[in-house]
Amino acid sequence: ADEKVDGGPSVVYDAVAIVISEDKAQAVSAMKPAQDFLSDAYAHAKFIGFTDAAQPLFEAVGLSGKSDEGLIELKDVADFLTSCRALRYWDRMAG
């Protein structure tokens, strides 16, 4: 992690992980840079790993309830890393 959320846009990464603690979830979801980070990652077909506590951020950017194989809950990090081998979730761009 070489960047802070308002300094390193998601476009510079091959995949992103949204890991937020329960006690900071509401505060992070209200941050415009965090919202832009997630929505840009989604728009650029990045694989996005996330923890359950990230749901308020997904709601803030209108991604709540959206599901595809490029959005991966981080219950098993190995599954996320294996998916990332494809570099992008291109099916998201087709839909």
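**Exercise 1. Start from glutamine 35: which element holds glutamine 35, and is the residue buried or exposed?**

Glutamine 35 sits in helix α2; helices here are DSSP runs of H or I with at least four residues, strands are runs of E with at least two, and both are numbered from the N terminus. A quick word on the source: this is a predicted model, where local features need pLDDT of at least 70, side-chain atom pairs count only at pLDDT 80 or more, and totals for chains, interfaces and linings use all residues. Residues are numbered from 1 along each chain as its sequence is written, and side-chain values use heavy atoms, with hydrogens and water left out.

Next, the burial. Glutamine 35 has a relative accessible area of 17%, so it is buried (buried is under 20%, exposed over 50%, partly exposed in between, with a 1.4 Å probe and protein chains only). Then list the contacts, meaning heavy atoms within 4.5 Å. Skipping neighbours within four places in sequence, glutamine 35 touches Ser29, Ala30, Leu57, Ala60 and Val61.

**Exercise 2. Find out which residues of α2 are buried, and where around the axis they lie.**

Step one: get the helix itself. α2 covers residues 32–43, 12 in total, and spans 16 Å from first C-alpha to last, close to the expected 16 Å (1.5 Å times one less than the number of residues).

Step two: pick out the buried set, which is Ala34, Gln35, Phe37, Leu38, Ala41 and Tyr42. They cover an arc of only 160 degrees around the axis, so they are on the same side of α2; the arc is taken from the directions from the helix axis to the C-beta atoms. The background is simple: an α-helix has 3.6 residues a turn, so residues three or four places apart point the same way.

Step three: see what covers them. The cover includes β1 (15–18), α1 (25–29), β2 (47–50), α3 (55–60), β3 (71–73) and α5 (91–94).

Compare aspartate 40, also in α2, which is partly exposed at 34%.

**Exercise 3. Search for aromatic pairs and work out what two of them connect.**

The rule: rings of Phe, Tyr and Trp (its six-membered ring) pair if their centres lie within 6.5 Å; planes under 30 degrees apart are stacked, over 60 edge-to-face, and the rest tilted. The whole structure gives three pairs. For tyrosine 13 and phenylalanine 37, the centres are 6.4 Å apart and the planes at 55 degrees, so this pair is tilted. Tyrosine 13 lies in the segment before β1 and phenylalanine 37 in α2, so the pair ties together parts 24 residues apart in sequence.

Now take phenylalanine 47 and tyrosine 89: 6.1 Å centre to centre and 70 degrees between planes, hence edge-to-face. Phenylalanine 47 is in β2 and tyrosine 89 in the loop between α4 (77–83) and α5, so the two parts joined are 42 residues apart in sequence. Both residues are buried.

**Exercise 4. How many salt bridges does a search of the whole structure find?**

The answer is four, where a salt bridge is a side-chain nitrogen of Lys or Arg within 4 Å of a carboxyl oxygen of Asp or Glu. One of them joins arginine 92 to aspartate 68, with the closest N and O atoms 2.8 Å apart. Arginine 92 lies in α5 and aspartate 68 in the loop between α3 and β3, so the pair ties together parts 24 residues apart in sequence. Both arginine 92 and aspartate 68 are buried.
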